[in-house]
Amino acid sequence: MTARITSFLVKIASRCNLDCDYCYVYHHADQSWRSMPKIMSPDIKRAFAGRLAEYVKDEGLRRAVIIFHGGEPLLAGVGSITDFAEQLRHAVGPDVKLDFAMQTNGLLITDAVLTALDAADISVSLSLDGSKVDNDRHRTTRKGRSSFDRVMEAYHRLEAHPKIFAGVIAVIDAKSDPEDLLAFFNDINPPKLDLLLPDAHHVRPPPGREAEPEIYKDWLIRAFDCWFDRYPHIPLRTFEALLDVAAGLPSATDAFGFGDVNLLSIETDGGYHDLDVLKIVGDGISDLHGSVRDMAISAAAASPVIERHRALLNKDGLSESCLSCQVVDICGGGSVPHRFSADGFNNPSTYCGELFALISHVKARLVQDLTAEEEDLSNRLSETFNLSEFERAETAGPAMAILRADADLTYTERLRQVLTELEKTGPEATEIARELVGLGVDAFARLARRPGMVAWSHAFLAQARGRQIHDVDGKPIFADIAYLVDVLNSCAPGAAIKWDVAQNDAWLKLPFGGQIIFERENVAAVARKVVEEAFEIVRSWRPALAEDMLLACQAVQFVRDPTADPEKIVSFSDDSVPGTLFVSVMQDGKLIDPFDLADSLVHEHRHQKLYLLERLGPTVSRFAPRVISPWRADLRPPSGLLHAVFVFVELQRLWQHILTHGPAHMKERAAKQLRDTKRNLDLGVATLRQCELTELGVGLTDVLEAASRQPPIAA
């Protein structure tokens with residue numbers, strides 16, 4: 001398969017009104033900018049719009065990202081930018097969502113510019129290297145004058161537009177004090193911060209390192225410790241990405257981990273190019289030798305240049321020294337441009353020593369913290385309940401009461417913090433705060449534990465503290481107080497624990513962006529009856545399991561996946577909305593069989609039950625690499641595999657019951673489900689035994705292996 005392009009970096013201006021001395025466009029090997037048109041012409045824009053429309057249709061893309069770049073993109077004029085965005089939206093049509101972003105130095109930002117960008121829904125990232133001293137070492141005008149004051153004016157204007165303010169990008173100067181730098185960013189509180197190492201490679205090493213070989217190692221370790229210990233609330237993508245790959249999750253940056261090419265650059269002359277930063281390596285190295293005038297995007301994505309780049313992003317493309325390194329699964333060889341030497345890219349990163357030192361230090365810090373957490377967790381577990389009792393619904397009551405109370409305490413405290421923030425805001429919010437206070441203890445606690453309220457209050461507090469919550473597509477989500485007004489009267493005094501089935505709760509849907517479709521009320525109206533029938537199947541078989549489900553879960557939402565086979569039954573859970581079961585209720589154009597829905601409800605309940613346990617501590621080492629899922633043939637975190645095994649144990653019991661006591665039309669289905677579940681359990685447990693689990697994870701795996709071999713639970 002060729003590369004699947006989902007992001008497009010569009011150079012709408014090739015010149016800049018600053019002269020940053022580290023800039024990869026103007027001060028490194030590739031000087032092609034000199035012959036580029038200063039501004040992208042209307043005919044190139046039209047050609048790109050046509051190529052984009054063609055590509056998203058052929059590839060079936062429902063979403064793509066357009067990044068306006070330069071030079072300084074605002075030299076093209078804000079009207080030109082917003083018109084271009086509208087032109088592209090029109091070209092791809094209403095079924096494709098285009099997310100627009102822009103990287104700017106801020107000098108041309110005015111209130112009018114931001115109003116226009118806000119209206120056009122174009123997010124803005126600002127380049128700012130820190131305080132005046134740090135910023136003005138490198139980010140100056142051609143006459144060497146400071147840019148800091150004008151950039152900070154832009155920053156404060158952006159603060160008034162949180163919907164489009166994406167964050168700040170800063171380039172590291174190892175001469176700066178990392179603690180002072182982070183203190184500065186803590187004071188101004190950007191919605192996101194990205195720290196970049198200066199672009200360099202083996203032919204052109206990092207500035208200052210020859211004189212002081214340890215300067216970057218020392219800087220990175222000091223910066224990480226300062227962030228980890230004092231400022232972990234700063235959403236610093238560089239360090240968060242490092243923690244993600246250390247935990248076996250995908251990296252959010254090309255500085256760490258493996259990946260694939262998904263971005264294409266388009267210059268002002270319409271030429272296709274690979275990763276823009278490759279310009280530090282040599283003249284023309286990123287050129288794909290085609291243009292929007294004469295080449296389809298699919299042809300550019302299949303070019304030999306892109307294929308060579310893709311090969312460098314997996315293990316087979318790494319040097320021998322990288323392959324023998326103990327942190328290669330975290331580092332991934334480092335950024336591709338940083339690997340270049342006179343002999344090509346078959347080298348470790350020029351920052352190899354720095355990356356190794358930083359990763360080793362981070363692992364040591366996390367092991368230290370994790371060991372303390374595990375000891376504390378082990379003590380708490382031994383004092384409260386054992387895992388075998390927790391796993392089985394018939395004996396889980398005391399454990400579930402403890403876990404439920406712990407979670408509810410957290411959610412109640414969070415809503416109290418919301419109350420404090422509301423009282424600071426204004427008359428309307430203050431009045432809502434009074435209503436909250438008037439609810440009484442029990443009603444307040446019930447409101448706090450509602451899954452939608454858990455998600456909303458998390459986002460609201462993040463906003464109040466200057467941070468931003470995003471949906472799964474990376475788009476910001478805004479928690480306004482109108483939602484709180486809508487749900488304030490929903491917790492009647494003395495209400496019994498029950499499920500909210502297919503209620504129109506916005507915060508059960510917002511976190512999932514456009515990737516999940518929720519059934520309309522006409523479907524929900526008839527499907528609620530099937531939920532009752534499915535739950536009754538469980539209750540009549542095992543009343544204790546039904547009670548277990550009510551303790552762990554509060555809401556059911558009906559979803560569908562239009563890209564899936566109509567016969568496929570879809571369900572999922574997500575801890576951002578704890579206690580919610582997302583299930584499909586239609587199969588091949590008809591309502592789902594109640595026994596199949598019972599499977600989905602039990603399946604997702606088990607995820608929610610394990611989420612409650614995982615609140616106490618991790619089940620998997622943060623450094624555990626991803627493993628191949630035995631039944632899906634893809635890589636996934638061991639925690640996901642443990643969740644699957646935890647689910648399969650209960651589903652094995654359910655399908656054994658259906659085989660023995662269920663209707664005739666489900667017998668064949670039940671027999672097949674049992675065969676598949678038994679196989680998956682054996683494979684899953686065997687795989688987990690090879691994973692880096694915590695003491696809690698090992699103990700739970702022991703319990704699940706034993707449970708998988710026990711006789712079925714009688715009706």
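In the predicted model, Ser32 makes contact with Lys279 and Asp283, once residues up to four places away in sequence are set aside. Ser32 itself lies in the loop that runs between β1 (7-11) and α1 (42-59). With a relative accessible area of 19%, Ser32 is classed as buried, because the cut-off for that class is under 20%.

At the level of the whole chain, the secondary structure amounts to 25 helices and 20 strands. The C-alpha atoms occupy a box of roughly 80 × 60 × 50 Å when taken along the principal axes. For 715 residues, a compact globule would be expected to have a radius of gyration near 27 Å, and the value of 27 Å computed for the chain agrees with this expectation. Of these 715 residues, 55% count as buried. Among contacts in the chain with a separation of 6 or more, 74% are accounted for by residues 24 or more positions apart.

Helix α7 (residues 215-230) comprises 16 residues, which at 1.5 Å a residue should span 22 Å, and the distance of 22 Å between its end C-alpha atoms agrees with that figure. The buried residues in α7 include the aromatic side chains of Tyr216, Trp219, Phe224, Trp227 and Phe228, and Ile215, Leu220, Ala223, Asp225 and Cys226 in α7 are buried as well.

Two of these buried residues of α7, Leu220 and Phe224, recur among the contacts of Leu358. Leu358 is located in helix α13 (residues 352-384) and is buried, with a relative accessible area of 3%. Apart from neighbours within four places in sequence, Leu358 is in contact with Leu220, Ile221, Phe224, Phe239 and Leu242. The C-alpha atoms of Leu358 and Tyr216 are 9.8 Å apart in space, although the two residues are separated by 142 residues in sequence.

A further helix pair is formed by α20 (residues 521-541) and α21 (residues 543-552), which pack at an angle of about 130° with their axes 5 Å apart. The two helices, α20 and α21, are therefore oblique to each other. On the α20 side, Phe535, Val538, Arg539 and Trp541 take part in the contact, and they meet Pro543, Leu545, Ala546, Met549 and Leu550 of α21. By class, the contact of α20 with α21 consists of eight nonpolar residues and one charged residue, with no polar residues.

Notes:
Residues numbered from 1 in each chain as written. Predicted model: local features only at pLDDT ≥ 70, side-chain atom pairs only at ≥ 80, totals over all residues. Heavy atoms only, no water. Axes fitted to C-alpha atoms, helices over the stretch in contact; angles between N-to-C directions. Helix = DSSP H or I, 4+ residues; strand = E, 2+ residues; numbered from the N terminus. Parallel < 35°, antiparallel > 145°, perpendicular 65-115°, else oblique. Contact = heavy atoms within 4.5 Å. Nonpolar A, V, L, I, M, F, W, Y, C, P; charged D, E, K, R; others polar. Expected span 1.5 Å × (residues − 1). Buried < 20%, exposed > 50% of the residue type's maximum accessible area, 1.4 Å probe, protein only. Rg over C-alpha atoms; globule rule 2.2 N^0.38 Å.
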